[in-house]
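User: I am new to this structure and would like a close look at a single part of it, the enclosed spaces inside the protein. Please take your time and connect the details as you go.

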Amino acid sequence: MTAVTLVLFAPATPAVAAGSGELQSGLDRITAAGMPGVMAETRVHGGRQSAASGVADVDSGRGMSPTFSHRAGSITKTFTATVILQLVGEGRIDLDAPVSRYLPQYDTAGITVRMLLNHTSGISDYDHLIFTVPDDLLRHRTTTFTADQLARIGLDAPRTSPPGGPHLYANTNYILAGLVIEKVTGRPAAFEMYRRIIVPLGLWRTYFAGASSHIAGPHSHAYIPWLDGTMLDFSVYNMSFVGTAGDVVSTTRDLNVFFKALLTGRLLRPAQLAEMKTVVPWNPNNPGAGGYGLGLYSVRLPCGVMIWGHDGLVFGHSAISMHTESADRQITIGSNMTHYADPTQPEPIGLATGELLFRTLCQDSLRAAGPPFAWKSPIHTGKAQSAVGYFADARAAGRG
């Protein structure tokens with residue numbers, strides 16, 4: 001859900017940063033544009049730099065740090081898809097098998113495992129049914145949802161398209177994918193991700209929060225500008241409602257390590273990595289612009305470079321982790337305010353973020369200047385727009 005107001009902050013407490021120069025100035029432009037606090041790590045041709053700008057706490061002025069733990073949101077989907085594809089490589093899952101082969105208890109007629117991973121199943125999302133009014137965000141602060149509950153809420157709603165139709169992003173798909181992992185392995189999906197990804201790669205700050213409302217270790221607050229003009233903090237929140245679709249907590253360092261390993265073939269066999277990178281185009285009339293694969297998506301930058309990765313958004317925290325195909329250029333960004341503007345409209349934070357992505361990921365000869373490029377999440381825009389409409393209606397009606 002997305003609020004309709006953008007709260008601007010004056011440049012705040014000096015950044016707590018391990019890096020300087022271009023990365024620092026790029027992050028400073030994001031906070032000057034209105035983000036309370038932001039952090040990032042870049043890796044370019046073997047060189048690593050991290051920095052932060054702004055504040056982690058708008059009341060105390062405590063500064064951001066590039067080492068903070070951060071909710072990664074839908075970047076969790078890349079972890080989930082990676083485990084599914086490892087099981088495909090082991091001959092334990094068939095991508096084109098019906099979901100009912102693994103989960104006969106659910107009505108998934110005509111839907112394959114592949115359709116879950118590339119969001120072409122036509123299954124409805126469940127989140128707009130859980131959070132139907134703004135006060136639901138507050139009411140569910142301590143609610144624990146099970147994967148079965150979430151799957152049934154999404155499956156009981158009207159389908160958005162026939163199976164195998166257009167890409168229509170829905171968290172329900174990845175809740176079901178997590179249940180497929182559990183059925184095939186006989187173990188919790190989170191355990192499989194620890195065993196197969198997190199421990200082998202040494203991602204010691206990456207974990208699944210589950211029903212815990214607290215983020216372990218130093219972290220930023222998580223803000224949403226509320227309808228009454230206040231800034232509400234969602235850093236203490238039970239995120240079980242996102243499960244294997246969005247529950248991972250990580251760091252900018254860990255996410256760069258993960259995507260490097262993924263894109264360079266350390267986690268998947270060549271055939272499965274190729275499946276992961278087979279995309280449904282964002283625009284069927286322009287397939288070269290990128291699209292959504294199996295838990296991984298691509299976007300072509302204005303400089304012509306195709307980047308790969310995922311982004312994520314939960315209440316108050318957002319993350320972007322994007323990389324060139326060979327992972328010789330990487331950037332992961334974490335921000336501590338969400339739902340602040342209509343993402344279909346130009347806004348200064350998106351412009352500043354797009355400039356940082358462009359300068360980090362484009363070729364050296366093109367990094368100095370380029371056309372204005374505003375970052376807009378290709379996976380969240382449609383969902384956020386409907387929420388903008390709802391919040392606008394709520395404000396007009398005097399609710400909220």
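Which residues line the second largest cavity?

Analyst: The model is predicted, and the second largest cavity in it is lined by Arg-71, Gly-73, Met-239, Val-242, Gly-246, Asp-247, Val-248 and Val-314. By class, this lining divides into 4 nonpolar, 2 polar and 2 charged residues, with Arg-71 and Asp-247 being the charged ones, and the space that the lining encloses comes to about 30 Å³.

For the setting, the protein chain has 400 residues, of which 57% count as buried, and its secondary structure consists of 13 helices and 13 strands. Among the contacts in the chain with a separation of 6 or more, 70% are between residues 24 or more positions apart.

The count of cavities of 30 Å³ or more comes to 2, and the largest cavity, with a volume of about 50 Å³, has a lining made up of Met-39, His-70, Ala-72, Ser-250, Thr-251, Thr-252, Leu-255, Ala-319, Thr-332, Ile-333 and Gly-334. Two elements, helix 10 (252–263) and strand 13 (329–335), each give two or more residues to that lining, and strand 13 gives the most, with 3 residues. While the lining of the second largest cavity includes 2 charged residues, the lining of the largest cavity has no charged residues, being made of 5 nonpolar and 6 polar ones.

Definitions and conventions
Residues numbered from 1 in each chain as written. Predicted model: local features only at pLDDT ≥ 70, side-chain atom pairs only at ≥ 80, totals over all residues. Heavy atoms only, no water. Helix = DSSP H or I, 4+ residues; strand = E, 2+ residues; numbered from the N terminus. Buried < 20%, exposed > 50% of the residue type's maximum accessible area, 1.4 Å probe, protein only. Contact = heavy atoms within 4.5 Å. 1 Å grid on protein atoms, 1.4 Å probe; cavity = no way out; pocket = protein on both sides within 12 Å on 5 of 7 lines; lining within 4 Å. Points joined across faces, edges and corners; volume = space filled by probe spheres on them.
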